[in-house]
Amino acid sequence: MAAIPGGADHAHDHAHDHPSGIMRWVTTTNHKDIGSMYLWFSFAMFIVGGIMAMVIRAELFEPGLQVVDPDRFNQMTTLHGLIMVFGAIMPAFVGFANWMIPLMIGASDMAFARMNNWSFWLLPPAAILLTTSLLVPGGAAASGWTLYPPLTVQMGMGMDMAIFAVHILGISSIMGSINIVTTILNMRAPGMTLMKMPLFCWTWLITAYLVIAVMPVLAGAVTMILTDRHFGTSFFNAAGGGDPVLYQHIFWFFGHPEVYIIAIPAFGVVSQVIPAFSRKPLFGYASMVYATSSIAILSFIVWAHHMYTVGMPVAGQLYFMFATMLIAIPTGVKVFNWVATMWRGSLSFETPMLFSIGFLFLFTLGGFSGLVLSMTAVDVQLHDSYYVVAHFHYVMVAGALFSAYAGAYYWLPKWTGHMYDEKLGKLHFWLSLVFFNMTFFVQHFLGLAGMPRRIPDYALQFAEFNMISSIGAFGFGLSQLVFLVVVLKCLKGGEKASAKPWDGAEGLEWTVPSPAPHHTFETPPIIK
């Protein structure tokens with residue numbers, strides 16, 4: 001100690017600079033620590049939102065009212081949606097961004113390290129506000145996650161808690177996104193041009209711009225509800241000259257880009273995983289960047305396809321129908337590129353690849369049912385039916401959640417230094433795949449047969465499919481605990497991960513050329 005100037009006092013000061021125990025996590029500005037906290041938080045909220053989904057499915061297991069009263073059922077629907085979108089999926093991808101973006105672009109940390117800490121620590125209070133709104137008199141907003149007036153104007157105090165929570169979650173998202181944009185634009189290593197970045201960085205750059213653009217719109221919408229509730233304004237009250245449909249326009253102008261805020265980082269993860277396990281570069285890198293940007297831009301001009309039943313002029317319906325169909329083109333480009341990446345690659349099917357391929361099949365199916373719903377005449381029939389529920393769960397769960405699992409399994413060795421249990425990982429995948437389809441595939445049929453969403457009771461003709469769906473939901477919920485076991489085992493120890501855990505595949509998409517094709521088509525092929 002004598003060699004250190006100041007001796008023991010200096011050591012004490014140093015310990016004060018770097019707190020240990022819980023204070024290390026409260027005060028950390030390290031992007032890896034913050035990324036880990038985001039991921040743990042999102043998993044905790046995923047479990048909470050999942051328990052609410054279990055309550056919903058338990059009630060719908062058979063006709064009649066069994067488990068909860070209708071009002072509580074609607075509160076569960078509202079909170080399940082809000083928690084899964086703002087508490088589970090978005091923080092999970094922000095966690096990936098925090099962990100991986102600095103490593104991928106060669107930055108020492110995120111641009112605003114303390115703001116990074118703050119944007120995480122806004123989440124727990126918001127989550128507490130949101131979940132405890134169930135416990136106040138009148139309960140949470142029984143209005144669905146979209147918070148439509150006039151329902152939201154008549155609710156009790158739980159509604160105010162939900163609005164406040166949405167504000168805080170929005171502030172957190174905006175700060176996280178400002179941080180990501182600044183980091184990517186200003187902190188890339190020399191020589192790392194934008195068009196040389198891993199695609200995950202591109203998808204997050206585009207997503208962060210979307211968040212900054214639309215989160216304030218949501219804040220405006222819920223603030224207008226707040227003033228309608230407490231300060232005598234009539235934005236959405238027809239009796240005072242307002243219009244409840246105005247709220248829908250504002251909300252969905254946020255809500256449709258929000259769908260892509262959730263999906264685009266998922267595309268980024270899959271674009272890292274598929275090339276690695278195909279042992280060749282991503283096919284059509286530039287076209288992927290342009291397709292992702294087009295999706296983001298188009299997402300701003302299709303919002304009213306959620307509103308075909310409000311009495312829009314036919315010209316408006318036609319415009320929104322065609323604009324919505326247009327999004328299928330860049331999405332199709334991406335799916336083609338992922339398949340072309342795997343084409344004639346040297347494929348291996350570890351858990352991350354399985355989740356990515358599961359994503360590819362199911363997300364494409366969700367995209368097709370979206371194309372069905374984009375047609376005005378069809379949507380008027382299927383609006384607010386279980387067909388819509390099936391469609392967006394194929395996009396959200398099979399799209400966002402499956403790719404989040406792909407990313408988690410892919411990067412776990414890098415994060416923990418240990419390999420995860422491959423057998424358990426594959427078990428997790430197959431259970432999730434089977435139970436997911438069991439839960440949501442049959443809901444297409446329920447919707448086509450006319451079962452409306454957000455109802456706690458239903459006609460006898462829907463009983464069998466609802467029973468199948470509920471059994472699938474409980475199976476799906478329980479199989480997510482396998483993932484928790486995998487992560488805890490991985491953290492405790494297990495096989496040491498090598499520097500390149502995926503057989504030299506990590507980062508491979510930037511260094512190894514594609515295998516030469518059989519034929520260049522510069523000369524006519526010789527037909528034997």
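**Exercise 1. Work out whether T341 is buried or exposed, then find where T341 sits and what surrounds T341.**

Step 1. The relative accessibility of T341 is 0%. Buried means under 20%, so T341 counts as buried. Keep in mind that we're looking at a predicted model here.

Step 2. Now place the residue: T341 belongs to helix α12, which covers residues 314-342.

Step 3. Look for partners beyond the four nearest places in sequence. T341 is in contact with I274, P275, S278, K280, P281, L282 and F283.

**Exercise 2. Find which residues touch the most other members of the largest nonpolar core, and which helix gives this core its largest share.**

Step 1. The largest nonpolar core has 165 residues, and F86, F96 and W338 are the ones that touch the most other members.

Step 2. Helix α4 (residues 70-105) supplies the largest share of this core, with 20 residues.

Step 3. Zoom in on W338. Skipping residues up to four places away in sequence, W338 touches F267, V270, S271, I274, L282, M288, F359 and L360. I274 and L282 also turn up among the contacts of T341.

**Exercise 3. Describe how α4 packs against α10: what is the angle, how are the helices oriented, and which residues meet?**

Step 1. Start with the geometry. The axes of α4 and α10 (residues 244-278) are 11 Å apart, at an angle of about 45°.

Step 2. Put a word to that angle. Under 35 degrees would count as roughly parallel, and 65 to 115 as roughly perpendicular; α4 and α10 are therefore oblique to each other.

Step 3. Get the handedness: the crossing of α4 past α10 is left-handed.

Step 4. List who meets whom. On the α4 side you'll find V85, F86, I89, M90, F93, F96 and M104, and these meet F254, E258, I261, I262, P265, A266, V269 and Q272 of α10.

Step 5. Sort the residues of this contact by class: 13 are nonpolar, one is polar and one is charged.

**Exercise 4. Do the same for α4 and α6: find the angle, the orientation and the contact residues.**

Step 1. The angle between α4 and α6 is about 165°, and their axes lie 11 Å apart.

Step 2. Angles over 145 degrees count as roughly antiparallel, so that is how α4 and α6 run relative to each other.

Step 3. α4 passes α6 in a left-handed crossing too. L79, L82, I83 and P91 of α4 make the contact together with L123, L130 and T131 of α6.

Step 4. Class by class, the contact of α4 with α6 has six nonpolar residues, one polar and no charged ones.

**Exercise 5. Track down some backbone oddities: where is the cis peptide bond, and what are the phi values of R344 and R454?**

Step 1. Check omega. At about 0°, it marks a cis peptide bond joining P149 and P150. P150 is in the loop between α6 (123-132) and α7 (151-154).

Step 2. Check phi at R344. The value is positive, about 60°, although R344 is not a glycine. R344 lies in the loop between α12 and α13 (351-374), and with a relative accessible area of 38% R344 is partly exposed.

Step 3. Repeat for R454. Here phi is positive as well, about 60°, and again the residue is not a glycine. The loop between α16 (422-448) and α17 (463-492) holds R454. With a relative accessible area of 27%, R454 is partly exposed.

Note on methods: Residues are numbered from 1 along each chain as its sequence is written. This is a predicted model: local features need pLDDT of at least 70, side-chain atom pairs count only at pLDDT 80 or more; totals for chains, interfaces and linings use all residues. Side-chain values use heavy atoms; hydrogens and water are left out. A nonpolar core is a set of buried Ala, Val, Leu, Ile, Met, Phe, Trp, Tyr and Cys residues joined through side-chain atoms within 4.5 Å. Buried means under 20% relative accessible area, exposed over 50%, partly exposed in between (1.4 Å probe, protein chains only). Helices (H or I, at least four residues) and strands (E, at least two) are DSSP runs, numbered from the N terminus. Contact means heavy atoms within 4.5 Å. Axes are lines fitted to C-alpha atoms, for helices over the stretch in contact, and angles run from 0 to 180 degrees between N-to-C directions. A crossing is left-handed if the near helix is turned anticlockwise from the far one by less than a right angle, and right-handed if clockwise. Ala, Val, Leu, Ile, Met, Phe, Trp, Tyr, Cys and Pro count as nonpolar, Asp, Glu, Lys and Arg as charged, and the others, Gly among them, as polar.
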